[in-house]
Amino acid sequence: MSDEGGQERPSIFECVRKGFASASNYEKVRPDYPINAVKAFLQSLRLLGSVKTVRADRVKILELGSGTGKFTRVMLEVLKDEDVQVIASDPLGNMCEHFKRLLPDTEIIQCVAENIGLPDASVDVVIASQSFHYFANATALEEINRVLVPGGLFGIFWVMPDFSTPWMAELWKFFAPLYKEKSIILPFEEEWKNVFSLTPRKLFSDVEEDLSFSHTLPSSFDEDYNYFASASVIASGSESTKESLRELFNEVMKKHFKEKGIELDHFPFKIFLYWCTKAI
Ligand SMILES: C[S@@+](CC[C@H](N)C(=O)[O-])C[C@H]1O[C@@H](n2cnc3c(N)ncnc32)[C@H](O)[C@@H]1O
């Protein structure tokens with residue numbers, strides 16, 4: 001995509017447009033966030049207890065890729081006694097509409113992380129929850145750096161299926177190449193942090209992390225399947241990709257649960273928390 005000046009403008013992954021076309025399905029099949037991990041994350045971003053800003057205003061938090069507001073709702077609950085302003089954002093109109101219905105009192109702007117329509121140094125904290133893999137590029141990092149105040153913080157939160165669980169590890173073998181072929185990074189490999197070396201100047205401090213949280217939700221065969229089927233790389237994929245996932249999921253269920261007479265009644269997640277500070 002190019003603008004009137006002929007400059008390349010980043011676009012949204014096709015799998016995002018197609019895969020997240022139904023905001024209501026996303027809202028239904030994706031898990032809610034565990035409050036203890038969100039609290040620890042916001043603590044690392046210095047948002048709990050007498051929060052301060054270098055601007056003459058309330059502490060301003062920008063959330064990128066808010067979707068239907070699953071993370072936003074828990075964040076607002078955790079920060080209900082803090083003097084903060086949350087601005088949510090998402091590039092997809094349907095996600096923004098759904099967000100507005102669920103959170104009518106919270107501002108949401110429609111934008112990509114690569115082109116945030118906010119002034120320079122106007123935000124104290126930028127948060128990407130379950131979304132950074134869609135804009136892990138130099139343009140977005142420059143833009144996040146631009147809107148942050150000096151010393152502002154950037155936090156990344158991922159809550160992912162725990163693919164170290166044996167039955168999930170078999171599913172990951174199917175998913176990994178689908179993400180790889182689209183160059184979508186995920187936090188399972190340390191190399192994901194190489195994205196911070198893509199900018200000509202070092203924009204952020206070294207990334208700090210907390211990998212101590214996990215989360216298990218009561219679930220069922222159908223709910224677990226619906227979660228995997230809602231992944232953008234599947235929901236946007238061909239009928240044969242969807243069918244292959246269905247077949248693999250049935251096989252894995254048979255091998256690890258049905259043949260052993262075990263009921264699948266839970267979904268294990270692993271939580272990845274990262275944060276860094278604007279360096280320049
Ligand atoms: C997996 S959803 C996460 C939504 C929400 N944060 C949550 O935790 O449920 C990823 C979101 O990132 C958004 N997204 C995709 N590409 C983006 C980009 N370039 N800039 C900002 N957000 C983007 C999608 O529209 C989608 O709503």
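**A predicted protein and its ligand shell**

By class, the residues in the shell around the ligand divide into 12 nonpolar, six polar and four charged. The structure described here is a predicted model. In total, 22 residues surround the ligand, and the closest are Gly65, Gly67, Lys70, Ser131 and Tyr134.

From the ligand, one may turn to the protein as a whole. Its secondary structure comprises 10 helices and eight strands. Along the principal axes, the C-alpha atoms occupy a box of roughly 65 × 45 × 35 Å. The radius of gyration of the protein is 19 Å; a compact globule of 280 residues would have a value near 19 Å, so the two agree. Of these 280 residues, 33% count as buried. The contacts show how the chain is brought together: among those between residues at least 6 apart in sequence, 79% join residues at least 24 apart.

A single residue, Lys18, may serve as an example. Lys18 belongs to helix H1, which spans residues 14–19. Is Lys18 buried or exposed? A residue counts as exposed if 12 or fewer other C-beta atoms lie within 10 Å of its own. Lys18 has 12 such atoms within 10 Å and is therefore exposed.

Lys18 nevertheless has contacts elsewhere in the chain. When residues up to four places away in sequence are not counted, Lys18 touches Ala235 and Ser236. Phe213 offers another point of reference: Lys18 and Phe213 are 195 residues apart along the chain, and their C-alpha atoms are separated by 31 Å.

Key: Residues are numbered from 1 along each chain as its sequence is written. This is a predicted model: local features need pLDDT of at least 70, side-chain atom pairs count only at pLDDT 80 or more; totals for chains, interfaces and linings use all residues. A residue is near a molecule or strand if its C-beta atom, placed from the backbone, lies within 6 Å of it. Ala, Val, Leu, Ile, Met, Phe, Trp, Tyr, Cys and Pro count as nonpolar, Asp, Glu, Lys and Arg as charged, and the others, Gly among them, as polar. Helices (H or I, at least four residues) and strands (E, at least two) are DSSP runs, numbered from the N terminus. The radius of gyration is taken over C-alpha atoms; the globule rule is 2.2 Å times the number of residues to the power 0.38. A residue is buried if 20 or more other C-beta atoms lie within 10 Å of its own, exposed if 12 or fewer, and partly exposed in between; C-beta atoms are placed from the backbone. Two residues are in contact if their C-beta atoms, placed from the backbone, lie within 7 Å.
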